[in-house]
Amino acid sequence: MLDLRFVRTNPDVVRQALINKGVSVDLDRILALDVERRQILAEVEQLKARRNQVSKQVGILKQQGQDFSAIIAEMGAIGDRIKELDDRERQVSDELQDLLYQLPNLPAPDVPVGPDETGNVEVKRWGEPRQFAFPVKPHWDLGVAMDGLDFERAAKVTGSRFSFIKGGLARLHRALVSFFIDYLTERGYREVLPPVIINTASYYGSGQFPKFKEDVFSLAGTDYHLASTAEVPLVNMHRDEILDEAVLPLRYVGYSGCFRSEAGAAGRDTRGLIRQHYFEKVEMVQFTRPEESEQALMEIVANAEGMLEQLNLPYRRMLMCTGDMGFGQYKKYDIEVWMPSYERYVEISSCSNMSDFQARRANIRYRPAGGKPEFVHTLNGSGLAVGRTLAAVMENYQNEDGSITVPEVLRPYTRCERIER
């Protein structure tokens, strides 16, 4: 959420950010409601001061035995007007709040301006794609052939875009989770196993609601929703808290199932494990002082890339442009892994600096030494998406006989060097 005072005093900056991010919000209505609300509050304050003044006169007139009926009538009229204004103020505030929730975060000054993914900028590339001496198979064909992926039975049990992962591939999937968590805890992240059922306030606090409500699975007749990412519960863990400056930065790593309707994703990478309704992900979340958030973002990026390097998976880092960076992001890098069957790079981690956008929504502050509470900055990054990493390992480490060589860093977890079934 943006600071309303900033919106009020910098409407042209906000208007340009809306254009750059491709978001349509009635900014003029926000400004008009803000003016009306402040006028209402000023009038109510004046009326309450007048009511206090005339109420004192009642006591004096009583003592003097004089008629005070006119004053009583005035106080009644003042009370009616205050109630009328209070009702209107609630209406205005509710509409204003709803519109403020629709305002995206402002992009950082060094974020490239662009309409969509065509405006993203590649800033790093690591590793050389493997040259295969045999025809490359996509991971879904590899998995089905070794009876490790079963999409047909999952569709029978649940529906499309779900899967059973079995045998050696299930072991490899579990190995990836353990490797990711070990890697990050060794670098100062505290492991958290968060709840996967989240209330509405938490989704508003992290910025997914109302913008992305259609992407979330909700539990009918309740205030509960299935988690779309561990970012949501991890950020809201400190909602409505004032943190001690000494504990910052806070670093958490959370492993969670993720549920997404993927509305509007039809036809985009819907085969295999890349874009499913349920997947698992390891997530990095940090709470920092504002002046440290850029450094924290690069640390998160380095962690995501470091895990890919240990897996020896070629990747590239993309600086996302304004039109493709997302609603709440101040600055965002996507890490994309090489997928041989696609013959292109595919997103495997998004690393974002949210500045104070989430902290304002969730009311997360810290108290500097000797100062007033200030909003923290929050950051997050996939570390990594487990299903997508499994798919990348399968494709990059496939053998001509249909088996999968286990990356060396995972062998202590799998206790084998090759998966055939």
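## Two cis prolines

Let's start in a loop: Pro 210 is found in the stretch between α8 (200-206) and β6 (224-226). What makes the link into this proline worth a look is its geometry: the peptide bond from Phe 209 to Pro 210 is cis, with omega near 0°. Keep in mind as you look around that this is a predicted model.

Pro 249 tells a similar story. Look for it in the loop between β7 (241-244) and β8 (250-259). The peptide bond leading from Leu 248 to Pro 249 is cis, and its omega is again near 0°.

## The whole chain

Time to zoom out. The chain has 421 residues, and buried ones make up 51% of them. In terms of secondary structure, you can count 13 helices and 17 strands. Measured out along the principal axes, the C-alpha atoms fill a box of roughly 105 × 45 × 40 Å.

What about the surface? The chain exposes about 19900 Å², and carbon and sulfur atoms supply 48% of that area. Then there is the question of which parts of the sequence meet. Take the contacts between residues at least 6 apart in sequence: 73% of them join residues at least 24 apart.

## Helix α7 meets helix α12

Now find helix α7 (residues 167-185) and helix α12 (residues 386-396). Their axes come within 10 Å and cross at roughly 120°. With that angle, α7 and α12 are therefore oblique to each other. The crossing of this pair, α7 and α12, is right-handed.

Which residues do the touching? On the α7 side they are Leu 169, Leu 172, His 173, Leu 176, Val 177 and Phe 180, and on the α12 side Val 386, Gly 387, Thr 389, Leu 390, Val 393 and Met 394. Sorted by class, the contact of α7 with α12 has 9 nonpolar residues, 3 polar ones and no charged ones.

## Helix α7 meets helix α10

Helix α7 also packs against helix α10 (residues 293-310), at an angle of about 130° and with the axes 11 Å apart. That makes α7 oblique to α10. The crossing of α7 and α10 is right-handed.

From α7, the contact uses Phe 179, Phe 180, Tyr 183 and Leu 184; from α10, it uses Ala 302, Asn 303, Gly 306, Met 307 and Gln 310. By class, the residues where α7 meets α10 divide into 6 nonpolar, 3 polar and no charged.

Let's stay with one of those α10 residues. Asn 303 sits in helix α10, and with a relative accessible area of 6% it is buried. Setting aside residues up to four places away in sequence, Asn 303 touches Tyr 183, Leu 184, Arg 187, Tyr 189 and Met 284.

## His 139 and Glu 36

His 139 belongs to helix α5 (residues 139-145). Is His 139 buried or exposed? Its relative accessibility is 0%, so His 139 counts as buried. Its contacts, apart from neighbours within four places in sequence, are Leu 149, Gly 272, Leu 273, Ile 274, Met 339, Tyr 342, Ala 391, Met 394 and Glu 395. You may recognise Met 394, since it is also one of the α12 residues that meet α7.

Next, try Glu 36, which lies in helix α3 (residues 27-64). At 23% relative accessibility, Glu 36 counts as partly exposed, because the buried label needs a value under 20%. Not counting residues up to four places away in sequence, Glu 36 touches Arg 88 and Val 92. Glu 36 and Val 92 are 56 residues apart along the chain, yet their C-alpha atoms are separated by 7.7 Å.

## Two positive phi angles

To finish, here are two loop residues with a backbone angle to check. Arg 161 is found in the loop between α6 (151-157) and β3 (164-165). Its phi is near 65°, a positive value in a residue other than glycine. Arg 161 is buried, with a relative accessible area of 18%.

Ser 355 lies in another loop, between β12 (344-353) and α11 (357-362). Although Ser 355 is not a glycine, it has a positive phi of about 50°. How about its cover? Ser 355 is buried, with a relative accessible area of 6%.

How values were computed: Residues are numbered from 1 along each chain as its sequence is written. This is a predicted model: local features need pLDDT of at least 70, side-chain atom pairs count only at pLDDT 80 or more; totals for chains, interfaces and linings use all residues. Side-chain values use heavy atoms; hydrogens and water are left out. Axes are lines fitted to C-alpha atoms, for helices over the stretch in contact, and angles run from 0 to 180 degrees between N-to-C directions. Helices (H or I, at least four residues) and strands (E, at least two) are DSSP runs, numbered from the N terminus. Angles under 35 degrees count as roughly parallel, over 145 as roughly antiparallel, 65 to 115 as roughly perpendicular and the rest as oblique. A crossing is left-handed if the near helix is turned anticlockwise from the far one by less than a right angle, and right-handed if clockwise. Contact means heavy atoms within 4.5 Å. Ala, Val, Leu, Ile, Met, Phe, Trp, Tyr, Cys and Pro count as nonpolar, Asp, Glu, Lys and Arg as charged, and the others, Gly among them, as polar. Buried means under 20% relative accessible area, exposed over 50%, partly exposed in between (1.4 Å probe, protein chains only). Accessible areas come from the Shrake-Rupley method with a 1.4 Å probe; for residues, only the protein chains shown count as cover.
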